[in-house]
Amino acid sequence: MVGGESRRWMILVVTTWIQAFTGTNLDFSSYSSHLKSVMGISQLQLNYLSVASDLGKLFGWCCGVSLFYFPLSLLLLVTAFMGLLGYGFQWLLIQRLISLPYVLVFLMCLLAGCSISWFNTLCYVLCIQHFPSNRPLALSLTSGFNGVSAALYTLIVNAINPNNDSLYLSLNALVPLFISSMALVPILLRQSQPPPWNLSGAAVRSDSLPFLLLNGIAVFTGLYLLLLESLSYNAYNISVARILLGGAILLLVLPLSLPGIGFSRTSHSSSNMVEVEFLELQKELIEKRPTNMNINPATIDDHRYSTVTDDYSNDIAYRLRENQGRCCEVVPGNDPLMRLGEEHSAQMLVGRWDFWLYYIAYLCGGTIGLAYSNNLGQISESLGFGSETNTIVTLYSACSFFGRLLSAAPDFLKNKVYFARTGWLAAALVPTPLAFFWLAVSGSKIALQTSTGLIGLSSGFVFSAAVSVTSELFGPKSTGVNHNILITNIPLGSLLYGLLAALVYDSNIEISKQKDHLFIGEEEAATATATAILVCMGRQCYQQTFFWWGCISLVGLACSFLLFLRTSYAYYDHFERNQQKQMESELS
């Protein structure tokens, strides 16, 4: 048995491990060309396989529902075995050990994508359960490591055999299962004593130091992978890659020392407790609603202590609404949000203009970056940098990691420079159209690398910040359902953007074939058909795609700016109230 404080920090660390090794969709570009060659499919058909992986996110809500009936530890193992099956069969196919029809390969990609979504959902639940008072910090830290998965897997492959792309699939199948089994240890450990209920504001803020240290280690880990991993791309010196891999594993394990050194503050534990700031916000909402119910806000603090530890998320406002009726009516959907934290049902959510602005901003901002990463293998190959595909994929992965970590900036700076989180979201989308337009006019190596980094930073920030934005705008208790509604844009965007890229790519292959027939004759062109139908070379293969992606990302930027304007009042009102309470607490 361990103390509640140490246990929750151990859970946070193993959650970062799970996220670090389950972003397996990000290394698709590293083996997609090999898979395409083995199956003998077109770019359009390959695009459908990447879409199948993203379609798995449509089933993320199933994991949330399953948590009502099954323990999290069991679902964690089930999720790992889903990935084992999905990637395992693809590995057998790419090794030519079995032959699978295209439809079955599509289903295996779907199953693998579903496992990724379930892993993310379970990690969100672990963070919310054990860090309710610092939910955004925990979410941004753990989800940030999801962006570094491709870099870690590339480092492992280079340490084993850098010339074997099929290793990515075998690692995608086995490593998450191994990490999940290790994560079960702290999750299943019993606490030596129940967490106390007397929580002060100072105790809640005391978590800032360990979070700052953990983010510092995370930044160093990202720089380590970004700057030193290039040394591992040497088929004649695998020992260097193995040394670098050992260093990366050491950095991942290093945070385990933090809970036992200075953070075993059982008297200040906030594990499994109601978020103080959110309770105060709900109390204000109840006080200000014009109702005829006899509700005494002063009794809320007493009532919360009777809450069972495992049911902390059933906040006071929700129970009062269940017992007394709809005491917290949401304002009409066309009006801007006036308060943060109001719970929205799915029906209320889809009736809000703010949600659809948010949805389009995510679709045309973050998701388009994911579509870009899915095509990185073919993009690099078409521009003549096919031998550096893994390096470029690692660059995107590392920059996505830093973008996710940057999403915690609003929480670290909120007491000094407060800016609405939706405003940060809009600012994060600015680099994306610039990067795509640069790629449209230049096919140079520097343009490819710089644009890839900018797109990775931008999309990484959006992916990580979105969970907190959803929680703040539409209610923390409804985040599980509402966020899964939001990310339905990912398979939709992946399909549309990938379809656009594939059509442009395949059309340029046809043009190349016609030129071959014209200049080298029918017989010579026929002998080149087998390879010509698979590969398009030249800047024209993606030039039109980059232009249209840039225009689409401008739409996302405009929607994010409108969302910021509509929600800025609610954020600043929330900030002023918190400042006023802090001043009152210091005076008292």
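**View 1. The second largest cavity holds about 80 Å³ of space.** This is a predicted model, so keep that in mind for every view here. Who sits around this hole? The lining is made by Leu-12, Val-13, Thr-16, Trp-17, Leu-141, Phe-145, Leu-214, Leu-252 and Pro-255. Helix 1 (4-20) gives the largest share, four residues. Helix 1 and helix 7 (135-146) each chip in at least two residues. Sort the lining by class and you get eight nonpolar residues, one polar and no charged ones.

**View 2. The largest cavity contains about 90 Å³ of space.** Take a look at its walls: they are built from Thr-24, Asn-25, Phe-28, Tyr-31, Ser-50, Ser-53, Asp-54, Tyr-87, Gln-90, Cys-109, Ala-112 and Asn-374. Four helices each hand over at least two of the lining residues: helix 2 (28-39), helix 3 (43-55), helix 5 (72-94) and helix 6 (102-130). Helix 3 provides the largest share, three residues. The class count for this lining comes to five nonpolar, six polar and one charged.

**View 3. Here is the wider setting: the structure holds 10 cavities of 30 Å³ or more.** The two holes you have just met are the largest cavity, at about 90 Å³, and the second largest, at about 80 Å³. Try finding helix 3 beside the largest cavity, where three of its residues belong to the lining. Then find helix 1 at the second largest cavity, where four of its residues do.

**View 4. Helix 24 (residues 431-441) packs with helix 25 (residues 445-474).** Their axes are 9 Å apart, and the angle is about 160°. Angles over 145 degrees count as roughly antiparallel, so helix 24 is roughly antiparallel to helix 25. The crossing of these two helices is left-handed.

**View 5. Now zoom in on the residues where helix 24 and helix 25 touch.** From helix 24, the contact uses Pro-431, Thr-432, Ala-435, Phe-436, Trp-438 and Leu-439. From helix 25 come Ile-446, Ala-447, Leu-448, Thr-450, Ser-451, Leu-454, Ile-455 and Ser-458. What classes of residue make up this contact? There are 10 nonpolar and four polar residues, with no charged ones.

Definitions and conventions:
Residues numbered from 1 in each chain as written. Predicted model: local features only at pLDDT ≥ 70, side-chain atom pairs only at ≥ 80, totals over all residues. Heavy atoms only, no water. Axes fitted to C-alpha atoms, helices over the stretch in contact; angles between N-to-C directions. Parallel < 35°, antiparallel > 145°, perpendicular 65-115°, else oblique. Left-handed = near helix turned anticlockwise from the far one by under 90°. Contact = heavy atoms within 4.5 Å. Nonpolar A, V, L, I, M, F, W, Y, C, P; charged D, E, K, R; others polar. 1 Å grid on protein atoms, 1.4 Å probe; cavity = no way out; pocket = protein on both sides within 12 Å on 5 of 7 lines; lining within 4 Å. Points joined across faces, edges and corners; volume = space filled by probe spheres on them.
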